[in-house]
Amino acid sequence: MGVEGKALVLGGGGVTGVAWEIGLLHGLAERGVDLSGAGLFVGTSAGASVGAQVLSGVPLKALYDAQLADAKGEIAARLGPGVLLGFLIAGLWPGDPARGRAWLGRRALRTRTVPEAERRAVIARRIGDGGWPSAARLRITAVEAQTGEVRVFDATSGVSLIDAVAASCAVPLVWPPVTIGGVRYIDGGARSVANADLAEGSRRVVVLAPSTQSVRSSGRPEAQLRALGPDVRGAVVSPGRAARAAIGTNVLDPARRRPAAEAGYAQAASEADRLRAVWNE
């Protein structure tokens, strides 16, 4: 069972974000910093996929080796200028942030992408079909496309784990919004790249953030971690220079999966001592 009071927040960052996070987690565990023992996991987009995989019972070494294999079953895509502009406009929307997210969600509903069933099959192959984990609590974020309201799925939501992860990974204007109970959902990253504030109540929090960019400063992982309170011991890890070079400019390119995983594994060597002070002591 996971350790109460410890939270692992896994942020979004595309297929390369999945690989980097798994590589980092494996490398850290080999150095005596096993973040997979958290009592709470918060997963957003790529991080939702990683959380589901880590809590599936498959060893980290096996998950890492899978990232080094050929990226079969993945669909190549690109975060083009239009997608990035959409996120920017939504993030700068005046007044209620939900209105900006709803604007982006409605655009996503009108955008022609791959069929929803095809994208769901990719997620199913990625995380398996073992259902919600019992070893720790897993919270997965998504955003209602029509209203911009945030939804947090967990084992009590009456939603399959595959659907929850697929919704959280539904990058607007790239992948189709996901239908759950007649409601269409887009990527949880439309609210925040990591949603670290959902770790509220935990005393030790580590955030793995393949991306830390946010139009609103309050949405950045570091700001959300500080807002959890002065008694919270925490750290944010994002890709270093070598990892950024390995990931490249297109986080949705399956061809960059292996180098991203290897870069995350290598980066663990320089992060282990810092995280050990947060997690183990």
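Colleague: In β6, which residue is the bridge partner of Val-178?

Modeller: The model under discussion is predicted. Strand β5 covers residues 178–180 and pairs with β6 in the antiparallel sense over 3 bridges. Within β6, the bridge partner of Val-178 is Tyr-185.

Colleague: In the hairpin of β5 and β6, which residue takes a positive phi?

Modeller: The strands β5 and β6 run antiparallel to one another. Their hairpin has 2 residues between the strands. The residue there with a positive phi, near 60°, is Gly-181.

Colleague: How many bridges join β3 to β6, and in which sense do the strands run?

Modeller: Strand β3 spans residues 137–144, and β6 spans residues 183–187. In the register of this pair, Ala-142 stands opposite Asp-187 in β6, while Glu-144 has Tyr-185 as its bridge partner. The two strands are joined by 3 bridges and run antiparallel.

Colleague: Which residue in β3 stands opposite Phe-41?

Modeller: Strand β2 comprises residues 38–43. It is joined to β3 by 4 bridges, and the two strands run parallel. Opposite Phe-41 in β3 stands Leu-138.

Colleague: What is the bridge partner of Val-143 in β4?

Modeller: Strand β4, residues 150–153, is joined to β3 by 4 bridges in an antiparallel arrangement. The hairpin of β3 and β4 has 5 residues between the strands, and Gly-148 takes a positive phi near 80° in this hairpin. The partner of Val-143 in β4 is Val-150.

Colleague: Why is β3 described as largely enclosed by the rest of the structure?

Modeller: Strand β3 has bridges to β2, to β4 and to β6. A residue counts as buried when its relative accessible area is under 20%. Strand β3 is largely enclosed because the buried residues number 6 of the 8.

Colleague: How many residues of helix α7 are buried?

Modeller: Helix α7 covers residues 161–168. Its buried residues include Leu-161, Ile-162 and Val-165, together with Asp-163 and Ser-168. The helix is therefore largely enclosed by the rest of the structure, the buried count being 8 of the 8.

Colleague: Is Leu-173 buried or exposed?

Modeller: Leu-173 lies in the loop between α7 and β5. Its phi is near 75°, a positive value in a residue other than glycine. Most residues other than glycine have a negative phi. With a relative accessible area of 16%, against a limit of under 20%, Leu-173 is buried.

Colleague: What is the relative accessibility of Ser-45?

Modeller: Ser-45 belongs to the loop between β2 and α2, the latter being residues 46–54. Its phi is positive, near 55°, although the residue is not glycine. Ser-45 counts as buried, and its relative accessibility is 8%.

Colleague: Which residues does Asn-250 touch, not counting residues up to four places away in sequence?

Modeller: Asn-250 is placed in the loop between α9 (241–247) and α10 (257–279). It counts as buried, at 7% relative accessibility. Beyond its sequence neighbours up to four places away, Asn-250 touches Thr-16, Ala-77, Arg-78, Leu-79 and Arg-256.

Colleague: With which residues is Gln-224 in contact, leaving aside its neighbours within four places in sequence?

Modeller: Gln-224 sits in helix α8, residues 221–227. At 6% relative accessibility, Gln-224 counts as buried. Apart from the neighbours within four places, its contacts are Ser-192, Ala-194, Asn-195, Ala-196, Asp-197, Ser-218 and Gly-219.

Colleague: What is the radius of gyration of the chain?

Modeller: The chain has 10 helices and 8 strands. For 281 residues the globule rule gives 19 Å, and the chain's own value is close to this, so the chain is as compact as a globular protein of that length. Its C-alpha trace spans about 50 × 45 × 40 Å along the principal axes. The radius of gyration is 17 Å.

Colleague: What share of the contacts with a separation of 6 or more comes from residues 24 or more positions apart?

Modeller: Of the 281 residues, 54% count as buried. Among the contacts with a separation of 6 or more, the share from residues 24 or more positions apart is 79%.

Colleague: How far apart do the centres of the positive and negative side chains lie?

Modeller: The accessible surface of the chain comes to about 11900 Å², and 51% of that belongs to carbon and sulfur atoms. The chain has 33 positive and 25 negative side chains. The centres of these two sets lie apart by 5 Å.

Technical notes: Residues numbered from 1 in each chain as written. Predicted model: local features only at pLDDT ≥ 70, side-chain atom pairs only at ≥ 80, totals over all residues. Heavy atoms only, no water. Rg over C-alpha atoms; globule rule 2.2 N^0.38 Å. Buried < 20%, exposed > 50% of the residue type's maximum accessible area, 1.4 Å probe, protein only. Contact = heavy atoms within 4.5 Å. Areas by Shrake-Rupley, 256 points an atom, 1.4 Å probe, with all protein chains shown as cover. Lys, Arg positive; Asp, Glu negative; His and termini not counted. Charge placed at Lys NZ, Arg CZ, Asp CG, Glu CD. Pairing = 2+ DSSP bridges.
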